[in-house]
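Me: Hi! Could you walk me through this structure? I'd like to hear about its cysteines, a helix and any internal holes.

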Amino acid sequence: MKKFLALLLSMAMVLSLAACGGEDKPAPEGPDQGTEDTEAKTVKVGLICIGDENDQGYTYNFIRGKEAATEALEAKGIHVEWVPKFNVGEDSTCEDANVELAEEGCDLIINNSFGFEPHMLKVAPDYEDIQFVACTNQASWQDDLPNTHNAFANIYEGRYVAGVAAGMKLQELIENGTIKPEEAMIGYVGAYSFAEVISGFTAYYLGAKSVCPSVTMKVKFVGSWSNPTEESNAASALADMGCKIISQHSDNTTPATMAQSKGAFHTGYNNDMSGVAPEASIIGTRIDWAPYFEYIIEAVANGEEFDQDWCHGLDEGAVAMTPLNEKIAAPGTAEKLAEVEKAIVDGELKVFDTKTFTVEGKELTNAFALDTDGDFTPDSEEAVFDGAFHESYHQSAPYFTLKIDGIEWLNSAF
């Protein structure tokens with residue numbers, strides 16, 4: 001009997017210790033607890049890219065956004081299984097890529113190039129449960145398909161900031177006697193004469209002009225988003241015309257390396273190009289896709305809807321500046337850029353303030369046909385009001401196509 005009582009007492013003590021065990025060993029926190037509420041969710045995401053990470057520009061920038069979003073989502077208990085497809089053409093191979101990713105069970109498919117959207121839209125109706133995103137486009141948000149989406153960023157804000165850095169460098173060269181005021185010329189390598197490119201280089205020019213009033217710009221289009229040789233040739237030609245700074249809306253680093261070889265300065269796009277042109281590249285700007293990727297993947301994971309047309313800029317961290325190369329930047333550039341960025345975010349500075357530019361010698365006072373073929377017209381809405389042209393206000397995709405005074409187009413390419 002005593003042994004039986006002792007056994008009961010021993011069992012009671014074990015149960016008591018087990019009940020109190022949490023005091024010595026706290027229960028694990030976070031998504032690894034294994035409960036139904038905290039179990040990690042997995043979202044399968046297809047990413048169709050026009051290039052690959054080796055371009056060190058456009059597609060590489062998407063990969064950076066993908067990696068940053070993945071890390072942020074893991075911290076929220078959301079695991080992302082990426083299925084990328086690289087070096088896809090803006091042709092039927094894009095349609096094939098969308099079908100393949102849909103058949104592989106992707107919950108979300110992201111298309112990263114402007115020319116991908118028409119092919120994506122052929123596939124989306126057949127997969128109503130999958131969300132399709134066309135980055136840098138404008139058709140999805142106004143179609144009748146609830147599973148298609150557009151996204152862009154106010155990259156023109158970053159272009160303006162980079163232009164300020166370029167203008168300060170030109171003004172420094174003028175003040176130290178290296179060049180005359182009339183020699184303050186910028187060369188710009190553009191992919192196509194589309195609104196996206198026009199909006200960007202106009203903002204860049206206006207940023208430069210805000211600190212260097214005598215600046216002018218020449219633009220040479222190459223007819224391709226990514227052609228390293230033609231981009232290099234365009235930069236070379238612009239430098240030979242006397243351009244002291246080269247900038248670009250194209251995917252590769254060759255304008256930067258060519259600028260350096262020609263003794264010109266440079267501001268870049270998509271990536272910090274000071275690594276390949278340390279004596280030339282002052283700064284760059286890029287779209288940071290991480291905030292958008294995090295937003296849409298989290299929505300899909302939680303079974304929630306997300307914007308059909310999304311656009312943010314410096315305010316949400318969707319536009320970022322690459323590190324300033326202070327070894328060659330004009331003195332005071334860092335402080336000035338911080339001031340300009342704050343003014344843009346606060347709404348005190350309007351990039352396309354109509355008092356800062358003219359078209360054929362006249363101030364812009366009314367909205368008018370923004371593009372002859374209508375591709376970028378935001379549903380005939382007024383784009384000019386409150387003393388400024390409001391870019392990406394009616395839709396995320398840019399629609400600024402004005403040829404302002406001070407910028408010379410050397411050719412055009414559609």
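Reply: Happy to; we can take those topics one at a time. This is a predicted model, where local features need pLDDT of at least 70, side-chain atom pairs count only at pLDDT 80 or more, and totals for chains, interfaces and linings use all residues. Residues are numbered from 1 along each chain as its sequence is written, and side-chain values use heavy atoms, with hydrogens and water left out.

Me: How many disulfides are there?
Reply: The count is zero, taking a disulfide as a pair of cysteine sulfur atoms within 2.5 Å.

Me: Why is Cys49 not in one?
Reply: Its closest cysteine sulfur, in Cys135, is 9.2 Å away, which is too far for a bond. Cys135 is in no disulfide either.

Me: Is Cys49 buried or exposed?
Reply: Cys49 is buried, at 0% relative accessibility; buried means under 20% relative accessible area with a 1.4 Å probe, protein chains only. Cys135 is buried too, also with 0%.

Me: Switching topic, how enclosed is α5?
Reply: Largely, because 18 of its 21 residues are buried. Helices here are DSSP runs (H or I, at least four residues), numbered from the N terminus. After α5 comes Gly177, with a positive phi near 85 degrees.

Me: And which residues line the largest cavity?
Reply: Among them are Tyr58, Phe114, Glu196, Trp225 and His249. A cavity is a set of points on a 1 Å grid over the protein atoms alone where a 1.4 Å probe fits but cannot get out, and lining residues have an atom within 4 Å of a point. The largest cavity holds about 80 Å³ of space, the volume being that filled by probe spheres set on the points, which are joined across faces, edges and corners.

Notes: On a 1 Å grid over the protein atoms alone, a cavity is a set of points where a 1.4 Å probe fits but cannot get out, and a pocket is an open set with protein on both sides within 12 Å along at least five of seven lines; lining residues have an atom within 4 Å of a point. Buried means under 20% relative accessible area, exposed over 50%, partly exposed in between (1.4 Å probe, protein chains only). Helices (H or I, at least four residues) and strands (E, at least two) are DSSP runs, numbered from the N terminus.
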